Structures are given as structure tokens and as C-alpha cells.
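Let's take a walk through a protein structure together, one region at a time. Keep the model open beside you, and look for each part as we come to it.

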Amino acid sequence: MKFKKLILGLSIAAALVAGGCSKPKKQSEPILTKSQVIKCSQKSFKSGQAKQTVTLGTDTSKQVVATTAIFGGNPTVFQLNYETQSKGKTQSSQEWVDSANHVYINGQSKWYKADFNKLTGHSYADLLDSFTNNAMLMDPPAVLTKAYKMTRKGHTYTLNAKIKDQQTMKDALDPIFTTNTQSPKQKTIYNKLVKMGKIQGMTAKLVVKNKKLYSFQYLVKIKVNKLMRFSAGQSYGNMGKQDFLKIPNNALNAHPLPKADKKKK
């Protein structure tokens, strides 16, 4: 009888010990609201990669002008990669831009240095506005935030929107038309095409993963005439992976860009 009581006592003690050692269940994180997801996307990156693309096409031909910007560092510097595709041929070039408005151009055998604003018609401040402070991401208009439809999978939130508000679409086009150029003439051409046609609509997609911006993109479509179509968009990715970005030494040791010969032949 004493033996049975001993066994019973040990069983109860073991149960108590086991109960005391069990870990409390981890509370699941609350589901974010749409406004909270948008705020997360605005506060979680110091660096990343953005791409601006302008496409002009018909049923038989297409021309693409793209600028890929890698940005980061303190103060922020930009590595700009330009690419133009037309008639099956591709032309590309690379530049670095610093906060002093200097542009460092990768030539065939050496680097050249020039004034960024004089060379392109836009400035370092324009790059900041277009890429790191783009209003569609950092201060989205009410029309866009209301249009967003949210879905969730685990800790990943996806917001999709389709809008036709003319002012919002014009505002979305402006940073692309400003910095996806290598000369002031290009922006003039872009604006003429928009005036010739009609802005048809805009799509946007924002993805936040683990409360950090994962990707963002928007695209505006314009019908110029019965045959010609025109679109402009901007996208983000690889966020937070270039926080310590620096201009390479070989670029900093650049030669002054030779002045164009204006003498008549």
C-alpha cells in the first residue's frame, strides 16, 4: 500500500514539474491595417534599387528608355545605369552622382567628371525626389490609398490598385519624365506625347514583408493615337542592401569631361 502511494505521489510530482516547465504559447502578431502597411513601407529602407522605364511602341516596333538607380550611403550617392533599346540594338552607359552635383561618367577607357545639372538638365535633388522620396510611395495621394486592395499571406502584405484619376497619374509621371533622361530635350518629348494622347490608367502594387518594404511598382499607360502606345513606370527592389554604398576610387579620380567643340566646320 505504501508502495502504491509512493508511485502515485511521484506521478503527481512529475505532472506538476512538467506543467511548470512548459513554455507559454507565443502570442501571434496582430494583423496590420492597410494604413499601417503603407506606413511600414515608408520607414524601413535607407538604400535600394529603383528602375524607371519609358516605352513607346506600335504593332511593329518598340523603343525602351530605362534608368536603373542603385542608391545608398550617407550622404546618399547614386549609381545610374542608362539603357536604350531600339530596332534590335541596345545602348548603355553608367554614371555615379554625389551630393555635390558631380557626375562621374564611365568612358571607354577612363572616367570623366562633370556638372550633373549642366549635363542632364536635372540635379541631385531631382534624383532624391524621384527615387528616395517618390510621392507615390512616400506620400501617396488619397486616391491611391483608397484604391488599394489588400491581401495577406503570413507576414507578407500585398496592396494592389487600379486608378484613372488624371491628376494622380500626371503626378506619377513627373519624376520619371524628370530623371529618366540624359538631356533636357527628352522630357520635352515625353510631355508632348502625353499632350497628344490620353492617359488611360495606372496600376500600382506595394509589397511589405516582415514590416519592411519588399517591392513597389506603378505603371501609367497612355494612348497617343490609333497606332502608337506609350507607357511609363517605376519599380523598387533589393531594399536595404546598399546602406554603405560609396563611389569607387577609380571614378573619384576622374578627368574633367572635355568640352564639346562648338566651332563650325
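In this predicted model, start with helix 8, which runs over residues 184-196 and has 13 residues. From its first C-alpha to its last, helix 8 reaches 19 Å, close to the 18 Å expected at 1.5 Å a residue. Which residues of helix 8 are buried? They are Y190, L193 and V194. If you look down the axis of helix 8, its buried residues fall within an arc of 100 degrees, so they line one face of the helix. Now turn to the other side of helix 8, where P184, K185, K192, K195 and M196 are exposed.

What covers the buried residues of helix 8? The cover includes helix 7 (166-179) as well as several strands. Among them are strand 1 (48-57) and strand 2 (62-72), together with strand 9 (198-209), strand 10 (212-223) and strand 11 (229-237).

Next, let's look at the nonpolar cores. In soluble globular proteins, nonpolar side chains tend to be buried together. The largest nonpolar core here has 53 residues. Within that core, Y148, M202, F216, Y218, V220 and F230 touch the most other members. Take M202 as an example: leaving aside its neighbours within four places in sequence, M202 is in contact with M136, A161, K162, I163, M169, A172, Y218, L219 and V220. There is also a second, separate core of 9 residues, and V77, W111, I247 and A254 are among its members.

Staying with contacts, find Y112 in strand 6, which covers residues 111-115. Is Y112 buried or partly exposed? Y112 has a relative accessible area of 22%, so it counts as partly exposed, since buried means under 20%. Y112 and L257 are 145 residues apart along the chain, yet 5.0 Å separates their C-alpha atoms. Not counting residues up to four places away in sequence, Y112 touches V103, Y104, I105 and G107, and also A254, H255, P256, L257 and P258.

The loops hold some details of the backbone. P75 sits in the loop between strand 2 and strand 3 (77-86), and the peptide bond leading from N74 to P75 is cis, with omega near 0 degrees. In the loop between strand 9 and strand 10 you will find N210. Its phi is near 55 degrees, a positive value in a residue other than glycine. N238 also has a positive phi, of about 50 degrees, although it is not a glycine. This residue, N238, belongs to the loop between strand 11 and helix 9 (249-252), and it is partly exposed, with a relative accessible area of 41%.

N238 leads us on to the empty spaces, as it is one of the residues that line the largest pocket. The other lining residues are S44, F45, K209, K212, L213, Y214, M239, G240 and K241. About 250 Å³ of space lies in this pocket, and strand 10 gives the largest share of the lining, 3 residues.

How many cavities of 30 Å³ or more does a search of the whole structure find? The search finds 1, and the largest cavity has a volume of about 40 Å³. Around the largest cavity you can pick out V65, A66, T67, Y82, N180, T181, Q182 and Q186. Here the largest share of the lining, 3 residues, comes from strand 2.

Terms used
Residues numbered from 1 in each chain as written. Predicted model: local features only at pLDDT ≥ 70, side-chain atom pairs only at ≥ 80, totals over all residues. Heavy atoms only, no water. Helix = DSSP H or I, 4+ residues; strand = E, 2+ residues; numbered from the N terminus. Expected span 1.5 Å × (residues − 1). Buried < 20%, exposed > 50% of the residue type's maximum accessible area, 1.4 Å probe, protein only. Arc of directions from axis to C-beta. Contact = heavy atoms within 4.5 Å. Core = buried A, V, L, I, M, F, W, Y, C linked by side-chain atoms within 4.5 Å. 1 Å grid on protein atoms, 1.4 Å probe; cavity = no way out; pocket = protein on both sides within 12 Å on 5 of 7 lines; lining within 4 Å. Points joined across faces, edges and corners; volume = space filled by probe spheres on them.
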